[in-house]
Amino acid sequence: MRIASYNIRKAVGLDWRRDADRIVDVLCEIDADVVVLQEADRRVGTRGGVLPLDRLETELGYIMTDVSLRPLSHGWHGNAILVRSSFTDFVPGRIELPVMEPRGAISVELKKPHLEVIGVHLGLTPGMRRKQLLTLRKVLEERHHPVLLAGDFNERNSKRLPFDPPATIVSPGLTFHASGPTAALDRFVLGPGLRAVSAHVHHSSLAKRASDHLPIVIEIAFTETA
């Protein structure tokens, strides 16, 4: 399976234009089975979503999983997950995290294959981020099926992530700032039953303009323990 994570900065590119079609074009380049998004909603007002859902469904075959609490939002605290329409049996959910600002995590549990993907966008302060990471570690430990975390961890140093074997931290590379990346803020964490086949940062010319983060992509396989 191919899974992608992308902080789309509310579809505002480096030219400071909001152009959601550019985001869709980048997702078309990646062609993932599941896409985890951060900042998919506007931050103020109605917190309306920024993506053209009709185009995502008709051209790319994606369904936006329903986790929103506001009628115009695409996600929860800006976190959203797209899945291919071929996944007909899945359960979306929200995961409460300790917060000082609107942050959280969302999930989708696919039934075939049995996999839970959790999308995260963590806090800016080290202390709060640590609390959020410990909450996510507990979630990972309590699950009895394969789990993959993906998102913007807002952490430059992988050694500060409190995930121990059998969990695996995968940092595909530098993702921020898209104009000249110097920090690996976006990562994957694979729980037991999963292994990384390959992982990379998507460096297309369009991706370098569409947001201030570059997307990350991972190919995963299920191990015998799954």
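This is a short walk through one protein chain, from its overall shape down to a few single residues.

Hi everyone, thanks for coming. One thing before we start: what you see is a predicted model.

Let's begin with the whole chain. It contains 4 helices and 12 strands. How does the radius of gyration of the chain fit with a compact globule? With 226 residues, such a globule would have a radius of gyration near 17 Å, and the chain has 16 Å, which agrees. If you prefer a box, the C-alpha atoms fill one of roughly 45 × 40 × 35 Å along the principal axes.

Next, inside and outside. Of the 226 residues, 55% count as buried. The exposed surface of the chain comes to about 10,100 Å², and carbon and sulfur atoms supply 51% of that area. For those of you who think about charge, there are 29 positive and 27 negative charges, and their mean positions lie 6 Å apart. As for how the chain comes together, take the contacts with a separation of 6 or more: 68% of them are between residues 24 or more positions apart.

Now please find strand β7, residues 115–121. Why do I call this strand largely enclosed by the rest of the structure? Because 7 of its 7 residues are buried. Look at the two faces: Leu115, Val117, Gly119 and His121 point one way, Glu116, Ile118 and Val120 point the other way, and all are buried. Yes, that list of buried residues includes Glu116.

What sits beside β7? On the one hand there is strand β6, residues 104–110, which runs antiparallel to β7 and is joined to it by 7 bridges. Gly104, for example, has His121 of β7 as its bridge partner. A hairpin of 4 residues links β6 to β7. On the other hand there is strand β8, residues 147–152, which runs parallel to β7, with 6 bridges between them. Here Gly119 is partnered by Ala150 of β8.

Let's stay around β7 for a moment and turn to Ile81, in strand β4, residues 80–84. Is Ile81 buried or exposed? Its relative accessible area is 0%, so Ile81 is buried. Beyond its sequence neighbours, Ile81 touches Val117 and Gly119, and also, among others, Val34, Val35, Val36, Ile106 and Val108. So that you can get your bearings, the C-alpha atoms of Ile81 and Thr175 are 19 Å apart, with their positions 94 residues apart along the chain.

Moving along, Phe188 belongs to strand β10, residues 186–190. Phe188 counts as buried too, at 0% relative accessibility. Its contacts away from its sequence neighbours include Leu148, Leu149 and Ala150, as well as Ile3, Ser5, Pro172 and Ile216. You may remember Ala150 as the bridge partner of Gly119. Phe188 and Val120 are 68 residues apart along the chain, while their C-alpha atoms are separated by 10.0 Å.

My last stop is Ala167, in the loop between β8 and β9. With a relative accessible area of 14%, Ala167 is buried, because the cut-off for that label is under 20%. Setting aside its sequence neighbours, Ala167 is in contact with Leu140, Val189, Leu190 and Gly191. His200 is 33 residues from Ala167 in sequence and 19 Å from it in space, C-alpha to C-alpha.

That's the tour. Thanks for listening, and I'm happy to turn the model around for anyone who wants another look.

How values were computed. Residues are numbered from 1 along each chain as its sequence is written. This is a predicted model: local features need pLDDT of at least 70, side-chain atom pairs count only at pLDDT 80 or more; totals for chains, interfaces and linings use all residues. Side-chain values use heavy atoms; hydrogens and water are left out. The radius of gyration is taken over C-alpha atoms; the globule rule is 2.2 Å times the number of residues to the power 0.38. Buried means under 20% relative accessible area, exposed over 50%, partly exposed in between (1.4 Å probe, protein chains only). Contact means heavy atoms within 4.5 Å. Accessible areas come from the Shrake-Rupley method with a 1.4 Å probe; for residues, only the protein chains shown count as cover. Lys and Arg count as positive and Asp and Glu as negative; His and the chain ends are not counted. The place of a charge is taken as NZ of Lys, CZ of Arg, CG of Asp or CD of Glu. Two strands pair if DSSP finds at least two bridges between them. Lists of a residue's contacts leave out its neighbours within four places in sequence.
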